[in-house]
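Here's a quick briefing to read alongside the sequence and the 3D view. Have both open, and we'll go helix by helix.

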Amino acid sequence: MTDDQWAIIGIGAAWAGAAGLLGLLLAWVVRHRSFRWQVGVVALTAVLAVVAGVVGTARAMFLSDHDLEVVLWVVTVAGVVAMGVSFVIGTAFARWSR
């Protein structure tokens, strides 16, 4: 692997890891809440980790301002859609677990 590839891996891992730590803290905060909240935190953490990894590495690349803006729009829209789907699935899981 090249040095650039290792750098991208490191940057992506650092940003995603930071999102994971934030998710772990949030999971601890909601540990006594409903199953629905707990599933939501898992989904949120996964989505944020991916979004953070993409944003972190995109910022490190030599992208034009326009290209970076496009990447940010794509991960924002994809993140919102993923959270919406996760909310529906989490609600169904909570209902089915009763």
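Let's start with helix α3: its 32 residues should span 46 Å at 1.5 Å a residue, and its end C-alpha atoms are indeed 46 Å apart, so the two figures agree. Keep in mind that this is a predicted model. The other helices to look for are α1, at residues 3-29, and α2, at residues 35-60.

**Helix α3 (residues 65-96)**

- The buried residues here are Val75, Gly79, Ser86, Gly90, Thr91, Ala92 and Ala94.
- If you're wondering what covers them, α2 is part of the answer.
- Val85 also sits in α3, but with 45% relative accessibility this residue counts as partly exposed, because buried would need a value under 20%.
- From the C-alpha atom of Val85 to that of Ala60 is 30 Å, with these positions 25 residues apart along the chain.

**How α2 and α3 pack**

- Two packed helices can be described by the angle between their axes and the distance between the axes.
- For α2 and α3, the angle is about 165° and the axes are 9 Å apart.
- Angles over 145 degrees count as roughly antiparallel, so that is the label for α2 and α3.
- Their crossing is right-handed.
- Sort the residues of this contact by type and you get 18 nonpolar, five polar and two charged.

**The loop between α2 and α3**

- Leu63 is found in this loop.
- Is Leu63 buried or partly exposed? Its relative accessible area is 31%, so Leu63 is partly exposed: the value lies between the 20% and 50% cut-offs.
- Setting aside residues up to four places away in sequence, Leu63 touches Ala58, Leu68 and Val71.

**Helix α2 (residues 35-60)**

- The length of α2 checks out too: 26 residues at 1.5 Å each should span 38 Å, and the end C-alpha atoms are 38 Å apart.
- Which residues of α2 are buried? They are Val39, Val41, Ala43, Thr45, Val47, Ala49, Ala52, Gly53, Val55, Gly56, Thr57 and Ala58.
- Both α1 and α3 help to cover those buried residues.
- Arg59 belongs to α2 as well, yet Arg59 is exposed, because its relative accessible area of 56% is over the 50% cut-off.
- Beyond its neighbours within four places in sequence, Arg59 is in contact with Trp15 and Leu68.
- The C-alpha atoms of Arg59 and Leu72 are separated by 9.8 Å, and these residues are 13 apart along the chain.

**Helix α1 (residues 3-29)**

- What span would you expect for the 27 residues of α1? At 1.5 Å a residue the figure is 39 Å, and the end C-alpha atoms are 39 Å apart, so expectation and model agree.
- Gly12, Ala19 and Gly23 are the buried residues of α1.
- Those buried residues pack against α2.
- Ala14 has its place in α1 too; at 48% relative accessibility, Ala14 is partly exposed, as the value is not over 50%.
- Ala14 and Thr57 are 43 residues apart along the chain, while their C-alpha atoms are separated by 9.9 Å.

**How α1 and α2 pack**

- The angle between α1 and α2 is about 150°, and their axes are 8 Å apart.
- That angle is over 145 degrees, so α1 counts as roughly antiparallel to α2.
- The crossing of α1 and α2 is right-handed.
- On the α1 side, the contact is made by Ile8, Ile11, Gly12, Trp15, Ala16, Ala19, Gly20, Gly23, Leu26 and Ala27.
- On the α2 side, the residues are Val41, Leu44, Thr45, Leu48, Ala49, Ala52, Gly53, Val55, Gly56, Thr57, Arg59 and Ala60.
- By type, the residues of this contact divide into 14 nonpolar, seven polar and one charged.

Key. Residues numbered from 1 in each chain as written. Predicted model: local features only at pLDDT ≥ 70, side-chain atom pairs only at ≥ 80, totals over all residues. Heavy atoms only, no water. Helix = DSSP H or I, 4+ residues; strand = E, 2+ residues; numbered from the N terminus. Expected span 1.5 Å × (residues − 1). Buried < 20%, exposed > 50% of the residue type's maximum accessible area, 1.4 Å probe, protein only. Contact = heavy atoms within 4.5 Å. Axes fitted to C-alpha atoms, helices over the stretch in contact; angles between N-to-C directions. Parallel < 35°, antiparallel > 145°, perpendicular 65-115°, else oblique. Left-handed = near helix turned anticlockwise from the far one by under 90°. Nonpolar A, V, L, I, M, F, W, Y, C, P; charged D, E, K, R; others polar.
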